[in-house]
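Reader: Got a minute for this one? Show me the model, then we'll talk helices and symmetry.
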There are 2 protein chains.
Amino acid sequence: MNFKLEMDERTREAEQIIQSFLPAETGFQKTVLSAMNYSVLAGGKRLRPILMRETYRLFGGRGEEIKPFMAAIEMVHTYSLVHDDLPAMDNDEYRRGRKTTHVMYGEAMAILAGDGLLNLAFETAARAFETGCDPVLTARALALFARKAGVYGMIGGQCVDIESENGAGVTTEEILVFIHAHKTAALIQSAMMTGAVLAGASESEIQKIEKIAYDIGIAFQIQDDILDVSGTAEELGKPIGSDEKNHKVTYVTLKGMKQAQADQKAFSEEAISLLRSFDDRNLFLETMVEALITRKK
Amino acid sequence: MNFKLEMDERTREAEQIIQSFLPAETGFQKTVLSAMNYSVLAGGKRLRPILMRETYRLFGGRGEEIKPFMAAIEMVHTYSLVHDDLPAMDNDEYRRGRKTTHVMYGEAMAILAGDGLLNLAFETAARAFETGCDPVLTARALALFARKAGVYGMIGGQCVDIESENGAGVTTEEILVFIHAHKTAALIQSAMMTGAVLAGASESEIQKIEKIAYDIGIAFQIQDDILDVSGTAEELGKPIGSDEKNHKVTYVTLKGMKQAQADQKAFSEEAISLLRSFDDRNLFLETMVEALITRKK
């Protein structure tokens, strides 16, 4: 298996699926529709839809109902970036080398585009019911999908992140891990657990997937903090040491580089070993997860 | 039947149902949870949940699955107000005599609270599946609920409204009616159609309800424009003639008072007559709709 080629192929497939659920830019409200499409089509690796589909495959899923959910999770991810970039939040003018949505369309339209994408995510996920799927599994997936995106998931993490930045900053490991677990890991959990639920995985399998996705999210974020100190600017595509410059409390500043590396390794190894513990295997998924958490940039 | 007493009773019931689905204000993310509850509990007549339940009753609905949907539509309505009030949108500091959410909690938290409420609306609606309801009807209601709130419903109307205000203003009746049909009527359609679908109404009954809710929304808005010219400040609780002062194009300025009154009457009469045309009747709902569209304030 050539991982890079397979990854490219799956990214292309995810891209096509996502685009098939995007709105046509017509009607009196076409500005908000354009702003939504602009935001979704700004690039991105489509990691969450791919993780969702590969977890679905791990548990033998073969239906069409995964597709609307794949598009939906990318819409949720995208809306969160659009709102995060707003002047009242992180006030970012560029993302992935392109102007952010509010710079292109104005602040009011960016707020509405974010709202529109979040709403469209649920409209789209609800279309899974039209695919002749099991309605009980689909309802369960939808509930889980909603919960992990909301105030007990991603939005909860964003709230604490914003408050930490505006206030005294992150002061404890508990708060930092809460932010990573909710702001980052929750959508990975959403992706992988939705895939597992839709494929009819057992309760204990779904719980294991929840743990794996948590480990991936935390390992990914610790790696982010490590690379900010130890990576090269060329590798990262952003200035090195920017966390320190911004006086940002990170996993490395809280626990030291040595402990951060040890913890990162422990989370990574647990994720991989749990992923290999199922009756069936998905070698592509295992390789993808390894690449995610051991990335050098 | 004493309509006022019955309306008060139903408002209290709706209030209790809504509150039972609001989050506990605990955990690291309690600020966003408080901001969400503050917004929902700022008052409001709970008209949409009541319309939903009464339409459900009209078609013989007797289950529990209506309750999460009642709470969900109030969350959607509330999030739209929170985001509408933001500085980048209407920049309102007060609503119903209380400070708006961004004034109380800051702009970033108001954006997140709105996102949190929209997301929680779908989390809550998805809980309908736990009530032992018909999953196919519930899935259909959920899809419809999502659509009417989104870019082909309420958000679509907000987009055109914002663009009209920032640009040349509303210039044609077609655009004005588009705004009213989407910004106002869509959530009334969502309320009443969700009730009808959940109660197992037939296709033609649901279509009739869609038309009735459209008529109610448009009649309500024309009445709003008429009252701005002909009402008294005391009746309205806001200055008379504020539309004219703001150079706002309204139904009255576009078509003249006489035609506006005639159209308002036609939409109202159609709504009432359609509502009376079903095999079964809900006298409370009929009285409530009449009160809504013939209101003097």
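Author: Terms first: axes are lines fitted to C-alpha atoms, for helices over the stretch in contact, and angles run from 0 to 180 degrees between N-to-C directions. Helices are DSSP runs (H or I, at least four residues), numbered from the N terminus. This is a predicted model: local features need pLDDT of at least 70, side-chain atom pairs count only at pLDDT 80 or more, and totals for chains, interfaces and linings use all residues. Residues are numbered from 1 along each chain as its sequence is written, chains are lettered from A and ligands numbered from 1 in the order in which they are written, and side-chain values use heavy atoms, without hydrogens and water.

Reader: At what angle do H1 and H15 of chain B cross?

Author: Roughly 100°, with the axes of H1(B) (residues 3–20) and H15(B) (residues 283–293) coming within 11 Å. So H1(B) is roughly perpendicular to H15(B) (65 to 115 degrees).

Reader: Which residues of H1(B) and H15(B) make the contact?

Author: Phe3(B), Glu6(B), Met7(B) and Arg10(B) from H1(B), against Phe284(B), Thr287(B), Met288(B) and Ala291(B) from H15(B). Contact means heavy atoms within 4.5 Å.

Reader: Switching to symmetry. What turn lays chain A on chain B?

Author: A turn of 180°, with a shift of 0.0 Å along the axis and an RMSD of 0.0 Å. The two copies are thus related as by a two-fold rotation axis. The superposition is least squares on C-alpha atoms of residues with pLDDT of at least 70 in both.

Reader: Which C-alpha of chain A is nearest the axis?

Author: That of Pro135(A), 3.2 Å from the axis.

Reader: And the scores, ipTM and pTM?

Author: ipTM is 0.95 and pTM is 0.95.

Note on methods. Helices (H or I, at least four residues) and strands (E, at least two) are DSSP runs, numbered from the N terminus. Angles under 35 degrees count as roughly parallel, over 145 as roughly antiparallel, 65 to 115 as roughly perpendicular and the rest as oblique.
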